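Visitor: I have a chain to look over at the bench. Could you walk me through it, one question at a time?

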Amino acid sequence: MKDNKRNKLSRRNFIFDLGLAGLSIPVLSAGITYTGKEKSKHMFEQNKKDGKLGVALVGLGTYAGGQLAPALQQTEHCYLAGIVTGTPSKAESWKAKYNIPEKNIYNYENYDSIKNNPDIDIIYVVLPNSMHAEYTIRGAKAGKHITCEKPMAITVEDCDKMIAACKQAGKMLSIGYRLHFDPYNLEMATLGTKKVFGEIKALSAGFGFRAQKGIWRLDKKLAGGGPLMDLGIYCLQAVCYTTGMEPIAVTAQSAPISDPEKFVGIEETLTWQMEMPNGLKAECKTSYTDGLNYLKAEAANGSFELQPAFNYSGLKGKTSHGVIAYPPMSQQAKQMDEFALAIKNKRHTIVPGEMGRRDMKIITAIYEAMHSGKSVMV
Ligand code: NDP
């Protein structure tokens, strides 16, 4: 049975590989030979017939192009059905690369008319942070389920509006928290919450990289803040899922800015502490200058850690008893399939808008603590 499934899958991948390579080799399916455009149309129709949900990616940048679109070639319950872009040349290249019909290509002006398109079931918002709220709300009003990238928005008020818009439309809202589908991070959550090594006595998380000048991530209007919004959010998420708790209070310290022209109105490097209900104080750090990528727990009877902890792949983990190792997988494919299944089976997503809102509340408290120098209740 398993072998049959593998054969079916590898055959599908083989057919897909041909499609991506743009080869004009005839593709055989159900005894019919398809070539060129016919083949593309057939593949698209087949996805629909297979009952897969159609996903439209909004904003064709690094993440959409480098991770999400490739992952959508591996998903079993959803497929890349449409795109929304402000760049006509991307519309052309994506159309050719991913066999996207012209009628499923939108720009930011005609985006709302996506409501008349039955091919699109899910809208995936992959825009700069400050645009998440608008495109989620417009997407919900167009009657589509939404996945919105992290951070969910740049204010808690926007999160509330997004949740309300999806509820009103009777549509589901999920956040692109891919690490909830990553086996290494799930293992950390199990070890921590099941107290496999006893009570956690010390927990630390750090995520940072060197940001290049001129990108929207350094523009407060578009990013909503600095590395805390972009990278630190992974650390606070990790503290919550590793402990199974949410912080009651936070303190935070911003390091001196090294380049005042580059970092205007945003933090460059930030450390903060999350006080958990059981008295544990988790220590976190994020930076747009330093390379950081770890999640470490010291428990009463042993330790467990990941380093790197937050990448798309190549994660490494160990405990005081041995190595944590899992075969390679696509976090994004798993994440998108899980959302498609949640929609199909009418069950909750494990990464709902409410979780995005919770994190925005924690981020707001961290910024308040950073500015006031005081401990802030969450
Ligand atoms: P990019 O800058 O690479 O892409 C953003 C895209 O948004 C652009 O290519 C453009 O697409 C569109 N866009 C529309 N208006 C603007 C504007 N004013 N300025 C810049 N871009 C604009 O960003 P990323 O792909 O890295 O990030 C997008 C979102 O995804 C962010 O919220 C980020 O936090 C999140 N992300 C999540 C990751 C994860 O692991 N979950 C990893 C990386 C990012 P077009 O030309 O098609 O209009």
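Visitor: Which element gives the most to the lining of the second largest pocket?
Guide: A word first: this is a predicted model. Two elements give two or more residues to that lining, α9 (227–243) and α3 (62–71). With five residues, the top contributor is α3.

Visitor: What volume does the second largest pocket have?
Guide: Its lining takes in 34 residues, and those closest to the centre are Thr62, Tyr63, Trp216, Arg217 and Tyr312. The volume comes to about 720 Å³.

Visitor: How many residues of that lining are nonpolar, polar and charged?
Guide: Tyr and Trp count as nonpolar, Arg as charged and Thr as polar. Sorted that way, the lining of the second largest pocket holds six charged, 12 polar and 16 nonpolar residues.

Visitor: Is Arg217 buried, partly exposed or exposed?
Guide: Arg217 sits in the loop between β9 (200–208) and α8 (220–223). Buried would need under 20% relative accessible area, and exposed over 50%. Arg217 has 27% relative accessibility, so the class is partly exposed.

Visitor: Which residue has a side chain joined to that of Arg217 by a polar contact?
Guide: Leaving out residues up to four places away in sequence, Arg217 touches Ala223, Gly225, Asp230, Ile266 and Tyr288. A polar contact of 2.8 Å picks out one partner, Asp230.

Visitor: How far apart in space are Arg217 and Ile266, C-alpha to C-alpha?
Guide: The two residues touch. In sequence they are 49 residues apart. In space, C-alpha to C-alpha, the distance is 9.8 Å.

Visitor: What does helix α10 span from its first C-alpha to its last?
Guide: Helix α10 runs over residues 331–344, which gives 14 residues. At 1.5 Å a residue, 20 Å is expected. The model comes close to that, at 20 Å.

Visitor: How many residues of α10 are buried?
Guide: Among them are Gln331, Met336, Asp337, Phe339 and Ile343. The helix is largely enclosed by the rest of the structure, because the buried count out of 14 is 10.

Visitor: Which elements do the buried residues of α10 pack against?
Guide: One partner is the helix α3, which also gives five residues to the lining of the second largest pocket. The full set is α3, β3 (53–58), β4 (78–84), β6 (122–125), β7 (145–148) and β8 (173–175).

Visitor: Which residue just after α10 takes a positive phi?
Guide: Helix α10 covers residues 331–344. Just after α10, a phi of about 50° belongs to Lys346.

Visitor: Is Arg358 buried or exposed?
Guide: Arg358 lies in helix α11 (residues 353–372). Its side chain makes a 2.8 Å polar contact with that of Asp359. Beyond four places in sequence, Arg358 touches Gln237, Cys240 and Glu246. Relative accessibility is 17%, so Arg358 counts as buried.

Visitor: What relative accessibility does Asn185 have?
Guide: Asn185 belongs to helix α7 (residues 183–193). Beyond four places in sequence, its contacts are Leu179, Tyr241, Leu295, Leu306, Ala309, Phe310 and Leu315. Asn185 counts as buried, because its relative accessibility is 1%.

Visitor: What share of long-range contacts joins residues at least 24 apart?
Guide: The chain has 17 strands and 11 helices. Of its 378 residues, 52% are buried. Among contacts between residues at least 6 apart in sequence, the share joining residues at least 24 apart is 68%.

Note on methods. Residues numbered from 1 in each chain as written. Predicted model: local features only at pLDDT ≥ 70, side-chain atom pairs only at ≥ 80, totals over all residues. Heavy atoms only, no water. 1 Å grid on protein atoms, 1.4 Å probe; cavity = no way out; pocket = protein on both sides within 12 Å on 5 of 7 lines; lining within 4 Å. Points joined across faces, edges and corners; volume = space filled by probe spheres on them. Helix = DSSP H or I, 4+ residues; strand = E, 2+ residues; numbered from the N terminus. Expected span 1.5 Å × (residues − 1). Buried < 20%, exposed > 50% of the residue type's maximum accessible area, 1.4 Å probe, protein only. Contact = heavy atoms within 4.5 Å. Polar contact = N/O pair within 3.5 Å; in protein donor to acceptor, adjacent residues only side chain to side chain.
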